[in-house]
Amino acid sequence: MKTNRDMLAYLEGIFSIVINSVLFILKYWAGLVTGSIAIIADAWHTLSDSLTSLVVIVGTRTGAKPGDKEHPFGHGRAELVASLVISVMLAVVGVKFGIDAINKLIAREAASFKPLALVIFIASVAVKEGLAQFAYWSYRKTGRQSLKADGWHHRSDAIASVIIIIGIVIGPYVWWIDGVMGLLVALLILYATFEIAKDAINPLIGEEPGEDLVKRITAIAAEKASEAVGVHHIHMHRYGDHTELTFHVQMAGDMHLSKAHSIATRIEEGIQEELNIFATVHLEPLPK
């Protein structure tokens, strides 16, 4: 069943794919006309944004599937796996254009920029920054990591277009500017690759709960049961929208089992209500 959060993610992804496809065609044409490796590289950088947006759509669709026998915690990590696949593809693109730019510098090849290319890239900066703002806003509304990655990708493309604009303006006076711009765009693609891969790998291999989350968990435990102290050994596992949390709580060793269980249940329910996290409390006796 699609939620409002799912529909917003779908909308961002569809807008991005359509707009980036149009920009790719315009940029690629400009690159062919001018013979600029930097412009062609940036065109493929723009098209790669569509691939990242496709991850948003596929990840949202797959991640929305409920848990089953083989995947009891749902399918939320499919989005992370897809992000890793995209990061590998981007790395290949970045390395290829880096090599092409170096070869162009070695051959001392210059590009002949046209005024229309300047118009295309000025429009690209405005459009891509608008897409970035929409993606970041959608991320804040939904909490979906892939939307944040998509926003960063749009922002990096806008920055790359600014670099191209600078090159177009000074290109007639400096022969090597196209090769240098091509290298800069390649580095931006590789940096975007690193950011996307890092955001996907951390939840997959496990991550340390943040200090703010630890404080909130401790506060909820204290609020729900004054007998519960010594919250520690906190482990968190994220599966897309579904988060599992386990931690230890210390209580009096002579407490009746039924009472201790009731306290643990109150804490678990409080965390689920306030943080939307499914918690499992392990009880320990207070040290003597």
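Visitor: What relative accessibility does Val22 have?

Guide: The model is predicted: local features need pLDDT of at least 70 and side-chain atom pairs count only at pLDDT 80 or more, while totals for chains, interfaces and linings use all residues. Residues are numbered from 1 along each chain as its sequence is written, and side-chain values use heavy atoms, with hydrogens and water left out. Val22 lies in helix α1; helices (H or I, at least four residues) and strands (E, at least two) are DSSP runs, numbered from the N terminus. Buried means under 20% relative accessible area, exposed over 50% and partly exposed in between, with a 1.4 Å probe and protein chains only, and Val22 counts as partly exposed at 46%.

Visitor: How much accessible area does the nonpolar patch with Val22 have together?

Guide: Patches take residues with over 30% relative accessible area and no salt bridge, joining like charges within 9 Å and nonpolar side chains (Val, Leu, Ile, Met, Phe, Trp, Tyr) within 5 Å. Areas come from the Shrake-Rupley method with a 1.4 Å probe, and for residues only the protein chains shown count as cover. Val22 is joined on the surface by Leu11, Ile14, Phe15, Val18 and Leu26, and the accessible area of the patch is about 510 Å².

Visitor: Which helices do Tyr28 and Trp44 lie in?

Guide: Rings of Phe, Tyr and Trp (its six-membered ring) pair if their centres lie within 6.5 Å; planes under 30 degrees apart are stacked, over 60 edge-to-face and the rest tilted. Tyr28 and Trp44 are edge-to-face, with 6.1 Å from centre to centre and 85 degrees between the planes. Tyr28 is partly exposed at 29%, and so is Trp44 at 34%. The pair ties together parts 16 residues apart in sequence, because Tyr28 and Trp44 lie in helices α1 and α2.

Visitor: Which residue forms a salt bridge with Asp42?

Guide: A salt bridge is a side-chain nitrogen of Lys or Arg within 4 Å of a carboxyl oxygen of Asp or Glu, and the whole structure holds seven. The partner of Asp42 lies in helix α1 and Asp42 itself in helix α2, so this pair ties together parts that are 15 residues apart in sequence. Both residues are buried. With the closest N and O atoms 2.8 Å apart, the partner is Lys27.

Visitor: How far apart are N and O where Asp100 and Lys96 meet in a salt bridge?

Guide: Asp100 and Lys96 are about one helical turn apart, because four residues separate them in helix α3. Asp100 is partly exposed at 23%, and Lys96 counts as partly exposed at 47%. From N to O, the distance is 2.9 Å.

Visitor: Which helix supplies the largest share of the largest nonpolar core?

Guide: A nonpolar core is a set of buried Ala, Val, Leu, Ile, Met, Phe, Trp, Tyr and Cys residues joined through side-chain atoms within 4.5 Å. The largest one has 29 residues, of which Ile39, Phe121, Ile164 and Met181 touch the most other members. Helices α2, α3, α4, α5 and α6 each supply at least two residues. The largest share, seven residues, comes from α6.

Visitor: Which residues does Met181 touch, not counting those up to four places away in sequence?

Guide: Contact means heavy atoms within 4.5 Å. Leaving out residues up to four places away in sequence, Met181 touches Ala38, Phe113, Ile163, Ile164 and Gly167.
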